[in-house]
Amino acid sequence: MLINVVFICKENICQSAVAEYCLRQYITDIIGTELTDKYFLIQSAGIQPYKGQWNCRLLKKMREVTDFYGIQNIRQTHKSKPLTNEIINAGVTKFAYCMNQKTIDGAKEQLPTGVFNLFYKDKNMPEDPYGRRTMDYAGCFVLIRNRCKVLANSFVDFLKPSMKLK
């Protein structure tokens with residue numbers, strides 16, 4: 001069983017990118033890279049391009065925060081991408097975590113009905129810190145990181161029988 005987890009935000013340059021990285025890292029810490037790659041497809045996407053273009057890096061303030069927390073590889077590897085049917089259609093079980101109601105509405109407009117089993121705003125995810133102070137980005141990062149730790153444990157517990165883990 002392949003679980004497709006997609007984090008969706010407005011432009012895929014802050015919250016959803018960080019959530020993608022954190023969830024992948026926590027699941028890998030629990031079960032290792034091989035099993036993570038075998039059972040999970042963890043992605044992020046946006047519903048509109050940042051300043052009219054895709055393929056953008058993380059916002060500067062969030063890069064500063066991730067650098068502070070020692071997460072440099074997200075700085076080098078993340079490129080924003082649009083929410084597409086290809087991103088959604090992978091996997092057997094699909095989970096979409098939208099960062100706010102506008103993201104849910106935008107994603108539903110772009111995709112055919114019934115693509116997702118779940119489409120919801122995670123009430124434990126923070127609001128968008130865009131345009132605020134670096135400290136607000138840090139608070140956002142910490143909330144996302146902590147929520148992803150809980151999600152990682154839940155997903156791994158759910159799959160333990162099929163992964164034959166103890």
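Helix H1 (residues 15-31) is largely enclosed by the rest of the structure, because 12 of its 17 residues are buried. Here buried means under 20% relative accessible area, exposed means over 50%, and partly exposed lies in between, with a 1.4 Å probe and protein chains only. Helices (H or I, at least four residues) and strands (E, at least two) are DSSP runs numbered from the N terminus. The model is predicted, so local features need pLDDT of at least 70 and side-chain atom pairs count only at pLDDT 80 or more, whereas totals for chains, interfaces and linings use all residues. Residues are numbered from 1 along each chain as its sequence is written, and side-chain values use heavy atoms, with hydrogens and water left out.

The buried residues of H1 include Gln15, Ser16, Ala17 and Val18 towards the start of the list, and Tyr26, Ile27 and Ile31 towards its end. Among the elements that cover them are strand S1, helix H2 (33-39), strand S2, helix H3, helix H4 (73-77) and helix H7. The length of H1 agrees with expectation: at 1.5 Å a residue its 17 residues should span 24 Å, and its end C-alpha atoms are 24 Å apart. The expected span is 1.5 Å times one less than the number of residues. After H1 comes Gly32, which has a positive phi near 90 degrees.

Within H1, Glu20 is a charged residue to follow. Glu20 is buried, at a relative accessible area of 11%. Leaving out residues up to four places away in sequence, Glu20 touches Phe7, Ile42, Gln43, Ser44, His78 and Lys81, where contact means heavy atoms within 4.5 Å. Glu20 also forms a salt bridge with Arg24, with the closest N and O atoms 3.1 Å apart. A salt bridge is a side-chain nitrogen of Lys or Arg within 4 Å of a carboxyl oxygen of Asp or Glu. Because Arg24 and Glu20 are four residues apart in H1, about one helical turn separates them. Arg24 itself is partly exposed, at 31% relative accessibility.

By the same rule the count comes to four salt bridges. One of these joins Lys60 to Glu64, whose closest N and O atoms are 3.7 Å apart. Lys60 and Glu64 are four residues apart in H3 (residues 60-68), so about one helical turn lies between them. Lys60 is exposed, with a relative accessible area of 55%, and Glu64 is partly exposed, with 34%. Another salt bridge links the side chains of Lys160 and Asp157, at 3.3 Å from N to O. Lys160 and Asp157 both belong to helix H7 (residues 134-163) and are three residues apart, about one turn of the helix. Both ends are partly exposed: Lys160 has 27% relative accessibility, and Asp157 has 47%.

The nonpolar interior draws several of these elements together. A nonpolar core is a set of buried Ala, Val, Leu, Ile, Met, Phe, Trp, Tyr and Cys residues joined through side-chain atoms within 4.5 Å. The largest such core has 40 residues, and those with the most contacts inside it are Phe7, Leu23, Ile27, Phe40, Met62, Cys148 and Phe155. At least two residues of this core come from each of strand S1 (3-9), H1, strand S2 (40-46), H3, strand S3 (93-98) and H7. Of these, H7 gives the most, with 11 residues. Ile27 may serve as an example: apart from neighbours within four places in sequence, Ile27 is in contact with Gly32, Thr36, Phe40, Ile42, Ala152, Phe155 and Val156. Another core, of 12 residues, lies apart from the largest one and has Ile47, Ile87, Ala96 and Cys98 among its members.

Strand S1 is also largely enclosed by the rest of the structure, because seven of its seven residues are buried. Ile3, Val5, Phe7 and Cys9 point one way from S1, while Asn4, Val6 and Ile8 point the other way. Two strands count as paired if DSSP finds at least two bridges between them. S1 pairs with S2 in the parallel sense over seven bridges, and Asn4 has Leu41 of S2 as its bridge partner. S1 also pairs with S3 in the parallel sense, over six bridges, with Val5 standing opposite Phe95.
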